[in-house]
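Me: Please take a close look at one part of this predicted model, the surroundings of a single core residue. Then work outward from there to the salt bridges and the empty spaces.

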Amino acid sequence: MAVIPIFIPHAGCPHQCVFCNQKTISGEDRATYGAAKKQIDKWMGFIKPGKENEAAFYGGSFTGLALPLQEKLLPLTDDLLKKGIVGSVRISTRPDYIDEERLALLDRHGVKLVELGAQSLDNTVLSMAERGHTAEQTENAIKLLKKKGFKTGIQLMVGLPGQSFESVKTTAKKAAALKPDVARIYPVLVVKDTPLAEKFKKGDYQPLSIDEAVKQSAYLYKELVKAGIKIIRVGLQPDSELCSDGNIISGPFHPSMGEMVQSSLVREDITLRIKKNRGDVLVCFPSSMESKVRGLKNCNIVFWKEQFSNKKVILKKGNYKKIIVRPVSEHSKNVQMAGCGSFAPIFGENSRVMILGSIPGMVLLSM
């Protein structure tokens, strides 16, 4: 599947939210027919036609655009649909710009999925972020979209002004109950030329640390996934515009934020299962999950080494379908090999965290 992104920066938005500099985030500075067509043409040489492909209007509030501009832009994707280059279209918009008339237009032009920039479902937080809409409008918009047969998406943020972790938890519960098809999670960054940048400079706003952003994003991620909602992105895309020198003033930015969030959830899951075993344990996991099990710079391995000083935790990757945590006693044969195998330290000669050399794919946390 390929996505043809068409950015309409800040277009259709009635005002600037405190955190938003849409030109920086999207890499574009205005929404016009010509600018949209130019973006589409740029991708034509890279896209293999197919019904699984999608054209997506990102950046602004599409249904907030002047109707003549909407009617001018949508034929661009009509052409892609007609030629079989894409099989569907998605848009991004505000919850308060959803009504039956707007949805009828989208339906006529093959739009299948509508993402809503909800950001939070806490009205106090929405007010402080100067969003200009309410949580109830998000709820009503998703209900109407579902009624009209559209797939739905929701975009949520952590680290907004006035937003506590308890507020994030409440938003997670409400969002899970709405059951959108997909979701995006974005930690708030302090970007230059935004009202939030001014608040930060005055000491009126403090962004989340990376660890706290991972923690809160992971909570959202877990609760939404439990409700059957697919997470399609965590953290802003680290493009050249966003990452240009001096653009991000402060905040929990990391190009691998999504990987860090997933890795933290894997650590949480494995840790709980290790705790259920009194003695030494063997953790078997799919080879494809090695980076998530180890964590960024082996942070999960370091965590388990510190947490379980009274036992050995053996990690074994292989052709497994899921993570399995078992007492070592169930694998006495492997344990005997571990007892006489040769070891190579991960963190230096004096480290007690070892790769088990005699059994490929194993790591022994020798405490």
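Reply: Start with phenylalanine 62. Setting aside neighbours within four places in sequence, phenylalanine 62 is in contact with Ile8, Phe57, Gln70, Leu73, Leu74, Ile91, Ser92, Thr93 and Leu106. Phe57 turns up again in the core ranking. The largest nonpolar core holds 61 residues, and Phe57, Phe62 and Val114 touch the most other members.

Leucine 65 deserves a look too. Leucine 65 sits in the loop between strand 2 (54-58) and helix 3 (67-82). Despite that loop position, leucine 65 is buried, at 8% relative accessible area. It counts as buried because 8% is under the 20% cut-off. Isoleucine 8 is a contact of phenylalanine 62, and it can be placed relative to leucine 65 as well. The C-alpha atoms of leucine 65 and isoleucine 8 are separated by 9.5 Å, with the two positions 57 residues apart along the chain.

Now the charged pairs. The whole structure contains 16 salt bridges. One of them joins the side chains of aspartate 99 and arginine 102, at 2.7 Å from N to O. Both ends are partly exposed: aspartate 99 has a relative accessible area of 27%, and arginine 102 has 26%.

A second pair is lysine 226 and glutamate 223, with 3.3 Å from N to O. Both residues belong to helix 9 (residues 210-226). They are three residues apart, about one turn of the helix. Their surroundings contrast. Lysine 226 is exposed, at 62% relative accessibility. Glutamate 223 is buried, at 19%. Glutamate 223 gets that label because 19% falls under the 20% limit.

A third salt bridge connects lysine 317 to glutamate 290, at 2.8 Å from N to O. This pair links distant parts of the chain, 27 residues apart. Lysine 317 lies in strand 11 (residues 313-318), and glutamate 290 lies in helix 11 (residues 290-294). Lysine 317 is partly exposed, at 29% relative accessibility. Glutamate 290 is partly exposed as well, at 21%. Some bridges also share partners: Glu54, Arg90, Glu115 and Arg184 are joined this way into one network.

Next, the empty spaces. Rolling a probe the size of a water molecule over the atoms shows where space is left empty. In the whole structure, one cavity reaches 30 Å³ or more. The largest cavity has a volume of about 50 Å³. Pro187, Leu189, Gly235, Leu236, Pro252, Phe253, His254 and Met257 line the largest cavity. By class, that lining has six nonpolar residues, two polar ones and no charged ones.

The second largest pocket encloses about 400 Å³ of space. Its lining numbers 16 residues, and Asp211, Val214, Lys215, Ser264 and Arg267 lie nearest the centre. Three helices contribute: helix 9, helix 10 (257-275) and helix 12 (299-307) each supply at least two lining residues. Helix 9 is also the helix of the lysine 226 and glutamate 223 pair. The lining of the second largest pocket comprises eight nonpolar, three polar and five charged residues. Charged residues therefore appear in the pocket lining, while the cavity lining has none, with Asp, Glu, Lys and Arg counted as charged.

Note on methods
Residues numbered from 1 in each chain as written. Predicted model: local features only at pLDDT ≥ 70, side-chain atom pairs only at ≥ 80, totals over all residues. Heavy atoms only, no water. Salt bridge = Lys/Arg side-chain N within 4 Å of Asp/Glu carboxyl O. Buried < 20%, exposed > 50% of the residue type's maximum accessible area, 1.4 Å probe, protein only. Helix = DSSP H or I, 4+ residues; strand = E, 2+ residues; numbered from the N terminus. Core = buried A, V, L, I, M, F, W, Y, C linked by side-chain atoms within 4.5 Å. Contact = heavy atoms within 4.5 Å. 1 Å grid on protein atoms, 1.4 Å probe; cavity = no way out; pocket = protein on both sides within 12 Å on 5 of 7 lines; lining within 4 Å. Points joined across faces, edges and corners; volume = space filled by probe spheres on them.
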